[in-house]
Amino acid sequence: MVIRRVLAPRIDFGALRRELKLPEQFPPAAQREADEAAAAPLPPAADRTDVELVTLDPASSRDLDQAMHLSRRGDGYRVRYAIADVASHVRPGGALEEETWRRGQTVYLPDGNVPLHPHTLSEGAASLLPGEERAAVLWTIDLDHDGGTVAVELERARVRSRAKLDYLGVQADAEAGRLPEPIALLPEIGALLTARGLRRGAMNLPLPEQDVEPDGDGWRLVLRGPVPMEDHNAQISLLTGMAAADIMLAGRIGLLRTMPPPKPEAVQRLRTAAAPLGVDWPADVGVGELLARLDASEPRAAAFIDQAAELMRGAGYTAFDGELPQQPEHGGVAAAYAHVTAPLRRLADRYATEVCLALHAGREVPDWARTALPKLPEVMAVTDRTASAATRGAIELAEAVLLEHRVGETFDAAVLDVDAPPSGEAKPGREPGGTVALDEPPVRARCTGDLPLGERVRVRLVTADPVQRKVLFARA
């Protein structure tokens, strides 16, 4: 659901692209390989074009990694999840593979993305566009009545998506009781998987996201929360990632997405912060269950959720071959988990998927995939930082441009975070303050002064500098 949107004037994101040294185009040899792969016939694979798959993504997306079909199976369910088979288009050791290692992942900016693969593949021959036969890795996951996994199969297949669906349209269909057959069970299965995750101790931060979108000759700064169907869709991806992790752990080789579990003392600090913020936290309720109950539009709840983000630090990739990792789980998922569902957009997924295919078939993992595993965590860490900097930089630039001519004005805001820890000791090196979220426009920025956590305050805009992408408030 879109919460707030505000129009901003024309914005040039070129400086941000140059600052992050984002590539402008693919080397000729890499582009040529991609074009040749796009024009080549599909490789031999099982024919699964009879499965009525559909994709579900943001309306503007064309790099479609996943398509699904959900059905009943006795008193349980069958999830068919087709993932774009990028490895069938990228030759190991070639110029295109080399360039994808340099990029690591697709970087999204408001004025156009910087893709991991050339558009002839990422938005063309490898994308699961409707009505087109495509190479895919098809996961078939059978669930019991409670959403527990009872069987997993995967294979290379030829598939054909029937429709390109988007979140807002599907949410409207769900509310009207007219979901298309391939995903009619998504709310039911998604709710079961969510409940299982909460019982495991999984955590999700239900904060609305800021985004910058084109609007005619200008841009709009948008604050939106995920619609329920988006959360249900994410559960299918998580289900597949956990199945992939189990396969790799059983085979003693692979690449996991890991994050340390929350430390008990950190959970205790969060519990201590709950009461002053008016958050009722019963002793028998886990962190994830509590977060799922909170309304992020309420300032005190939003401040508590912001504090909870401290529990979800240290995510990364862990490669292993032979000896199992000491800490294989992802703390937010509360289970072992792997990235395998977005190979058009993430480099790691291509190699993790190839490992799963080989292990499931009882074959040796190809050397090109095996030798890549230990090098992937660092590559992905670097490109994760670049992608995050691009997202945040674009938002900060839009905020500064939007507010540039409003310096001196006052606004209503909610205090999400403060510098001083519970002991009252201020952080050294800067004036006391914290982070505030404006009611209107939807801006989140630093504010100086004595700030009461979780309360509403009036703040005055002190700085809005588009060149430095800096916005600063002071308590009024």
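These questions and answers walk through a predicted model of one protein chain.

Reader: What does the secondary structure of the chain come to?
Author: The model is predicted. Helices and strands both occur in the chain. The count is 13 helices and 18 strands.

Reader: What radius of gyration does the chain have, and what would a compact globule have?
Author: The chain has 476 residues. A compact globule with that many residues would have a radius near 23 Å. The chain agrees with that value, at 23 Å.

Reader: What does the C-alpha trace span along its principal axes?
Author: The trace of the chain is described by three spans, one for each principal axis. They come to about 70 × 55 × 50 Å.

Reader: How much of the chain do buried residues make up?
Author: Buried means under 20% relative accessible area. The share is taken over the 476 residues in the chain. Buried residues make up 50%.

Reader: Among contacts between residues at least 6 apart in sequence, what share joins residues at least 24 apart?
Author: Contacts between residues under 6 apart are left out here. Of the rest, those that join residues at least 24 apart make up 73%.

Reader: Is Leu-347 buried or exposed, and what is its relative accessibility?
Author: Leu-347 lies in helix H11, residues 347-361. The cut-off for buried is under 20%. Leu-347 counts as buried because its relative accessibility is 0%.

Reader: Which residues are in contact with Leu-347, leaving aside its neighbours within four places in sequence?
Author: Asn-204 is 143 residues from Leu-347 along the chain, and their C-alpha atoms are separated by 24 Å. Contact means heavy atoms within 4.5 Å. The residues in contact with Leu-347 are Thr-100, Trp-101, Gly-104, Leu-116, Leu-376, Val-379 and Met-380.

Reader: How many salt bridges does the count come to?
Author: A pair counts when a side-chain nitrogen of Lys or Arg is within 4 Å of a carboxyl oxygen of Asp or Glu. By this rule the count comes to 33.

Reader: Where does the salt bridge partner of Asp-146 lie?
Author: Asp-146 and Arg-196 meet through their side chains at 3.3 Å, N to O. The pair links distant parts of the chain, 50 residues apart. Asp-146 is in the loop between strands S6 and S7. Arg-196 is in helix H6.

Reader: What are the relative accessible areas of Asp-146 and Arg-196?
Author: Partly exposed residues fall between the 20% and 50% cut-offs. Asp-146 is partly exposed, at 27%. Arg-196 is also partly exposed, at 28%.

Reader: Why does Glu-213 count as buried?
Author: Glu-213 meets Arg-220 in a salt bridge, at 2.8 Å from N to O. The cut-off for buried is under 20%. Glu-213 counts as buried because its relative accessibility is 14%.

Reader: How many residues apart are Glu-455 and Arg-300?
Author: Their side chains meet in a salt bridge at 2.3 Å, N to O. Glu-455 is in the loop between strands S16 and S17, and Arg-300 is in helix H10. Glu-455 counts as partly exposed at 28%, and Arg-300 is partly exposed at 27%. The pair links distant parts of the chain, 155 residues apart.

Reader: Which residues are linked in a network of salt bridges?
Author: The network holds acidic and basic side chains. Its members are Asp-47, Glu-133, Arg-158 and Arg-160.

Reader: Which element gives the most to the lining of the second largest pocket?
Author: This pocket has a volume of about 240 Å³. Of its 16 lining residues, the closest to the centre are Arg-17, Pro-23, Glu-24, Gln-25 and Val-114. Helices H1 and H4 are the elements that give two or more residues. The most, 3 residues, come from H1.

Reader: How do the residues of that lining divide into nonpolar, polar and charged?
Author: Gly counts as polar in this division. The lining of the second largest pocket has 6 nonpolar, 6 polar and 4 charged residues.

Reader: Which peptide bond is cis, with omega near -5°?
Author: The bond leads into a proline. Pro-441 is in the loop between strands S15 and S16. The cis bond runs from Glu-440 to Pro-441.

Reader: What is the phi of Arg-252?
Author: Arg-252 lies in the loop between helix H7 and strand S10. At 42% relative accessibility, Arg-252 counts as partly exposed. Arg-252 is not a glycine, yet its phi is positive, about 65°.

Reader: Is Ala-334 buried or exposed, and what is its relative accessible area?
Author: Ala-334 has a positive phi near 60° and is a residue other than glycine. Its place is in the loop between strands S12 and S13. Ala-334 is buried, with a relative accessible area of 16%.

Methods. Residues numbered from 1 in each chain as written. Predicted model: local features only at pLDDT ≥ 70, side-chain atom pairs only at ≥ 80, totals over all residues. Heavy atoms only, no water. 1 Å grid on protein atoms, 1.4 Å probe; cavity = no way out; pocket = protein on both sides within 12 Å on 5 of 7 lines; lining within 4 Å. Points joined across faces, edges and corners; volume = space filled by probe spheres on them. Helix = DSSP H or I, 4+ residues; strand = E, 2+ residues; numbered from the N terminus. Buried < 20%, exposed > 50% of the residue type's maximum accessible area, 1.4 Å probe, protein only. Rg over C-alpha atoms; globule rule 2.2 N^0.38 Å.
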